[in-house]
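Q: Please take a close look at one part of this structure: any enclosed or open space in it. Then carry on to the strands, and finish with the backbone details that deserve a check by eye.

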Amino acid sequence: MIGGIGDLEDFVINPSINVSPYCYSILRIEPYLTCEHKCVYCFGRWYRVKATENLPVTKTLHTFTKLLKFLKKRNVKIMPFRLATLVDPFQPIEAEYSMSKHLMKLCLKYESPLIINTKATLLLREDYINVLEKLCDKSLAIVQISLSTINDEIARSIEPNAPPPTERLNAIERLSGNNIPVIVRLQPFIPGITDRELEKIVEQIKYAGARQMIVESLRDEDENLALYKKLAYEKQAYENLGAWEPYSPSIETSSKIMRVSVQWRRHAYTKARELCDKFGLKFSTCKEGFYELHTAENCCGMQFLNQSNYVLRPTLHEAWIYYKKKKVIPSFSELVEYLTSNYVFGASLRRYPRPLRKKMLSHEKILLKILDEEAESLSRFIPSLSPNDKAN
């Protein structure tokens, strides 16, 4: 075991009803305390520690090194780590401390797969490109670049300190030109804005060299919807508050978190998928459950990594695949019996350090409960299903 290091559990995203049933990438590395981009919609503001100043989490380097050594010594494969989920790993402070670059070098040294998620353009600096190219030469990294709009003026209002969309489009082109797999996240997908720019966005990201597009809808406090309405080309989604629904009662905040209705999302995502088909991009949704629209093998884009370097965890996507073949939703035990050796669950998680294992099992228990005990809730997680699809 790894003893006396501490904070290993921080490398696993906290289990929740909104993440655990869906996500393969539940492992994370957070290099900084907070994020300088100050995006108004950022869900990270509900989860980050309150910091009076932004500083590197220096303990992360030591702990992550110990973890990778542990896995390497025992020849244990793990799910790809996400750099990062609560902060942008290449925000301006990175130029001073280089925490994210050090973490990338560790992943290269120990051959640990990495999903990089950013809006920043510091990654284009030559020293970063060099490390990234070495990772990609071994199929160890993919880069996800986030966009909500390609209108620089709108972006200044909602992402005041982030590089403008035009610079991010240039980053996609530069990275793709270096044979680095780039995936674009339309996150958040903002009603009246993202959907109204959709064809131009898909055309431009394809031209820049992106390989896949992921969509994830806006979720924010209801009192903040007025800002998006003010910026929107089309106001209709904001005129009828009945078009919005609570995102989850499990999120404890001082005000209600809302997202646009499942009907609105299905319509918008169907159009997005059609445009991706037209321009030759893979398509997926994130934590949405619209699996019937997916054309990408993996919602995160992990198919661009070397599969021999990582393992997966069971999700509702596997339950959906089972359903498509057998016409019933499986119980958890039926599902895992059906899976290949590239998946880890149950007893196979014992090979990991206890703090990781404990939280990974907590994620698994939420999926198990949904499949085994909450058939009536299936349509909440996979909108195209109903309780009648559950096996007896």
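A: The largest cavity has a volume of about 40 Å³. The model is a predicted one, and with a threshold of 30 Å³ or more the structure holds one cavity. Lining the largest cavity are Ile26, Met79, Arg313, Val344, Leu349, Met360 and Glu364. By class, five residues of this lining are nonpolar and two are charged, with no polar residue among them.

The second largest pocket can be described in the same terms. The space in the second largest pocket comes to about 310 Å³. Its lining has 17 residues, and those nearest the centre of the pocket are Glu297, Leu312, Glu318, Ile321 and Tyr343. Helix H11, residues 316–326, supplies the largest share of the lining of this pocket, with four residues. Sorted by class, the lining of the second largest pocket divides into eight nonpolar, six polar and three charged residues.

Turning to the strands, E6 and its surroundings come next. Strand E5 (residues 182–189) and E6 run parallel and are joined by five bridges. One opposed pair is isoleucine 183 with glutamine 212 in E6. Strand E6 is mostly covered, since six of its six residues are buried, that is, under 20% relative accessible area. In a regular strand, side chains alternate between the two faces of the sheet. In E6, Gln212, Ile214 and Glu216 are on one side, Met213, Val215 and Ser217 are on the other, and all are buried, so both faces of the strand are covered.

Arginine 211 comes just before E6: its place is in the loop between helix H7 (198–208) and strand E6 (212–217). The relative accessibility of arginine 211 is 30%, so it counts as partly exposed. Leaving aside neighbours within four places in sequence, arginine 211 contacts Asn179, Ile180, Pro181, Val182, Leu281, Lys282 and Phe304. One of these partners, lysine 282, is 71 residues away from arginine 211 along the chain, and the two C-alpha atoms are separated by 6.4 Å.

A second set of strands lies further along the sequence. Three strands, in the order E7-E9-E8, form an open sheet with antiparallel pairing. Strand E7 (220–221) and strand E8 (244–246) stand at the edges with a single partner strand each, so one side of each is left without a neighbour in the sheet. The pairing of E7 with strand E9 (residues 257–260) is antiparallel and rests on two bridges. Within the sheet, glutamate 221 is opposite isoleucine 257 in E9. Helix H10, residues 262–279, lies across E8 and E9 and runs at about 45 degrees to E9.

Some backbone details should be checked by eye. Most residues other than glycine have a negative phi, and most peptide bonds are trans. There is a cis peptide bond between leucine 83 and alanine 84, with omega of about 5 degrees. Alanine 84 is in the loop between strand E2 (81–83) and helix H2 (94–97). Another cis peptide bond joins glutamine 187 to proline 188, with omega of about -5 degrees. Proline 188 belongs to strand E5, the strand that runs parallel to E6.

Positive phi values are a separate item. Lysine 38 is not a glycine, yet its phi is positive, at about 55 degrees. Lysine 38 sits in the loop between strand E1 (27–28) and helix H1 (59–73). Asparagine 75, also a residue other than glycine, has a positive phi near 55 degrees. Asparagine 75 is in the loop between H1 and E2. Its relative accessible area is 69%, so asparagine 75 is exposed.

Glutamate 167 is the last residue to look at. Glutamate 167 belongs to helix H6 (residues 165–177). With a relative accessible area of 37%, glutamate 167 is partly exposed. Glutamate 167 and leucine 122 are 45 residues apart along the chain, and their C-alpha atoms are separated by 11 Å.

Note on methods. Residues numbered from 1 in each chain as written. Predicted model: local features only at pLDDT ≥ 70, side-chain atom pairs only at ≥ 80, totals over all residues. Heavy atoms only, no water. 1 Å grid on protein atoms, 1.4 Å probe; cavity = no way out; pocket = protein on both sides within 12 Å on 5 of 7 lines; lining within 4 Å. Points joined across faces, edges and corners; volume = space filled by probe spheres on them. Nonpolar A, V, L, I, M, F, W, Y, C, P; charged D, E, K, R; others polar. Pairing = 2+ DSSP bridges. Contact = heavy atoms within 4.5 Å. Axes fitted to C-alpha atoms, helices over the stretch in contact; angles between N-to-C directions. Buried < 20%, exposed > 50% of the residue type's maximum accessible area, 1.4 Å probe, protein only.
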